[in-house]
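Biologist: I'm new to this one, could you walk me through it?
Modeller: Gladly, here it is.

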Amino acid sequence: MNIVACVKRVPVTEATPKIAADGKSVDASGVEYMLSFYDDLAIEEAIRTKEKLGGEVTVLTLGPSEASKELRDALAKGADKAVILKDANFGARDARATAKALAKKLQELNARVVFMGRVATDRDNAAVGAYVATLLGWSCVTDVVKLELAADTGKACRETEDGVETVEFSLPAVITCDKGLNEPRYSNLKGIMAAKKKSVDEVAFEDVANQQAVAKLEPPPARKEGRVVGQGAAAVPALIDALRNEAKVL
Amino acid sequence: MSTYRPLDYMMLDDQFSEDERMVRDAVRQWVTERYLPLAMEHFEAGTFPMEFVPEIAELGMFGPTTPTEYGGAGLNNVAYGLICQELERGDSGLRSFVSVQGSLVMYPIYAYGSEEQRRKWLPLLASGKAIGCFGLTEPDFGSNPGGMLTTAKKVGNEWVINGRKMWITNGTVSDVAVVWARTEQGVRGFLVEKDRPGFSAPEQKHKFSLRASVTSELVLEDVKVPDANRLPKGEGLKAPLGCLTQARYGIAWGGVGAALACFDEALNYAKQRIVFDKPLAGFQIPQKKFADMATQITLAQLLALRLGRLKDEGKFTPAQVSLAKRNNVAIALDVARTCRDLLGANGISLEYQVGRHMCNLESVITYEGTHDIHTLAIGQEVTGLAAFR
């Protein structure tokens with residue numbers, strides 16, 4: 001079975017983004033990167049699927065050459081090969097253009113099951129997974145917390161605010177992974193050495209114009225200064241009043 | 001805990017290969033996520049977290065330079081050094097556990113053992129299914145191991161071993177001990193399994209240092225082992241000393257890790273702690289301390305890296321290891337004491353790492369050749385004259 005994990009290199013979550021001079025993009029200077037949190041779950045699930053059903057795991061990303069660092073980690077954990085769709089402009093690419101590039105490559109790779117993170121922690125769109133499945137006409141199961149896969153079918157649990165939904169679907173499919181699906185493994189030292197023999201291929205792709213462009217980027221408004229309502233037990237009624245009538249959270 | 005950003009003043013990151021960095025980062029992540037949350041608890045309780053042994057093995061940290069055919073990961077020595085650095089950033093007791101298993105048990109079996117001993121023990125030790133310890137030091141012979149009183153006498157096809165070993169890391173939790181004993185032919189090494197009659201390994205308690213590590217006495221009373229348990233290729237005192245050279249190499253890197261941990265914690269603290277209306281780090285006395293520590297840590301990093309490259313080129317000497325171990329542990333202890341001081345009263349709390357590292361390093365500066373003994377080793381190398389006696 002050809003298994004693919006689509007992943008994205010994103011700024012580290014503790015980074016405070018600075019808006020660039022153009023007012024439309026994030027200033028990339030001094031920013032450190034990591035693999036998007038949920039994509040680690042996608043890689044882990046891809047490797048587990050290979051361990052259970054056999055096949056080959058490809059890790060695919062659209063991004064800069066520097067993403068090879070994150071892809072090497074995935075190879076060390078047990079993925080077989082890695083592909084970078086090299087995109088100098090990836091920070092500004094919209095979900096549709098990203099999905100089109102990925103979908104084309106997934107067809108070339110003859111993918112049967114594709115894992116992605118539930119959402120990328122930078123743009124917070126949660127759009128590419130569903131987009132890719134739609135473009136390919138495949139099943140799409142999002143926010144999966146439990147998964148059983150067979151050769152042609154699958155059963156997945158999705159956690160919603162109202163409870164757990166269990167769905168059955170046919171392959172090929174795009175599955176987006178949510179927290180709880182698995183506990184990603186650490187790269188082990190033998191795996192790191194084995195990964196030296198595996199390839200990270202950088203390939204060009206047919207550029208698709210964005211349909212959507214960022215017009216303006218603004219930081220969140222500064223938080224209002226706090227207010228001390230009183231001290232000790234005597235302050236409790238004032239606190240309850242503030243929570244109920246000002247903050248309206250009670 | 002804020003994100004760990006170890007000092008890299010001279011951009012040494014560039015000097016490591018991609019796989020060396022990956023090894024370092026994998027171990028760093030494991031220490032941060034798995035070990036550190038429990039470090040204080042185990043130090044306080046005086047216990048080693050044995051539950052981590054399968055994880056350490058799964059990551060491949062036991063004897064990682066051992067060839068893959070014997071269950072190792074076939075890493076180079078710089079990568080191994082970085083593992084020691086990251087483990088000791090967690091706790092010297094954690095690094096000691098891994099050092100003993102790799103450098104003092106797997107190494108002598110690989111270097112001095114028979115093919116049968118290698119095939120039997122190395123995969124068990126690499127996978128953490130067996131734990132080992134190394135018995136050289138005795139109650140009355142530390143710096144002068146040549147004075148050892150433990151003996152092994154050949155009776156038929158067996159050896160009968162008698163004696164006591166002291167300050168043995170992992171002794172009580174070991175399945176096998178590499179025991180060095182005097183024979184009629186000179187010093188020899190023996191593999192002694194824990195269930196041999198007459199062998200016991202009581203734990204040494206009441207330590208204020210390396211509390212999250214098991215330290216033991218080994219008692220051998222007419223312990224019989226077959227000749228097949230003798231390490232056939234290790235002859236004379238140079239065999240155990242060869243093991244110590246391996247372990248000291250890891251300690252030279254480990255010292256850097258402990259120093260980096262203390263420096264990082266003290267720097268974060270001093271930037272946040274407000275005294276007289278500004279951060280502690282903004283005053284001249286703390287700045288002098290940070291400048292001195294940054295310089296010393298950087299020198300230690302350079303020394304460890306150069307030593308590692310020499311080892312990988314097959315060119316390093318025991319005298320070079322002495323210099324690196326002596327220097328790097330001394331600066332680590334000095335950094336730990338300075339950082340403890342920078343944290344004020346908080347520095348004596350186990351809620352912070354500096355006090356724990358400081359106490360641990362009192363052992364590290366003593367074991368595997370005391371600071372003073374390494375001084376004499378360097379002195380002998382430089383002058384050509386031995387001043388040991």
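Biologist: How much area does chain B expose?
Modeller: Chain B exposes about 16,200 Å², and carbon and sulfur atoms supply 54% of it; accessible areas come from the Shrake-Rupley method with a 1.4 Å probe, and for residues only the protein chains shown count as cover. This is a predicted model, in which local features need pLDDT of at least 70 and side-chain atom pairs count only at pLDDT 80 or more, while totals for chains, interfaces and linings use all residues. Side-chain values use heavy atoms, with hydrogens and water left out, residues are numbered from 1 along each chain as its sequence is written, and chains are lettered from A and ligands numbered from 1 in the order in which they are written.

Biologist: And what share of its residues is buried?
Modeller: Of the 389 residues of chain B, 56% count as buried, meaning under 20% relative accessible area, whereas exposed is over 50% and partly exposed lies in between (1.4 Å probe, protein chains only).

Biologist: What secondary structure does chain B have?
Modeller: Chain B has 10 helices and nine strands, where helices (H or I, at least four residues) and strands (E, at least two) are DSSP runs numbered from the N terminus.

Biologist: Switching to Ser99(B), where does it lie?
Modeller: Ser99(B) is in helix α4 of chain B, which covers residues 92-112.

Biologist: Buried or exposed?
Modeller: Ser99(B) is buried, with a relative accessible area of 4%.

Biologist: Which residues does Ser99(B) touch?
Modeller: Leaving aside residues up to four places away in sequence, Ser99(B) touches Tyr80(B) and Leu104(B), a contact being heavy atoms within 4.5 Å.
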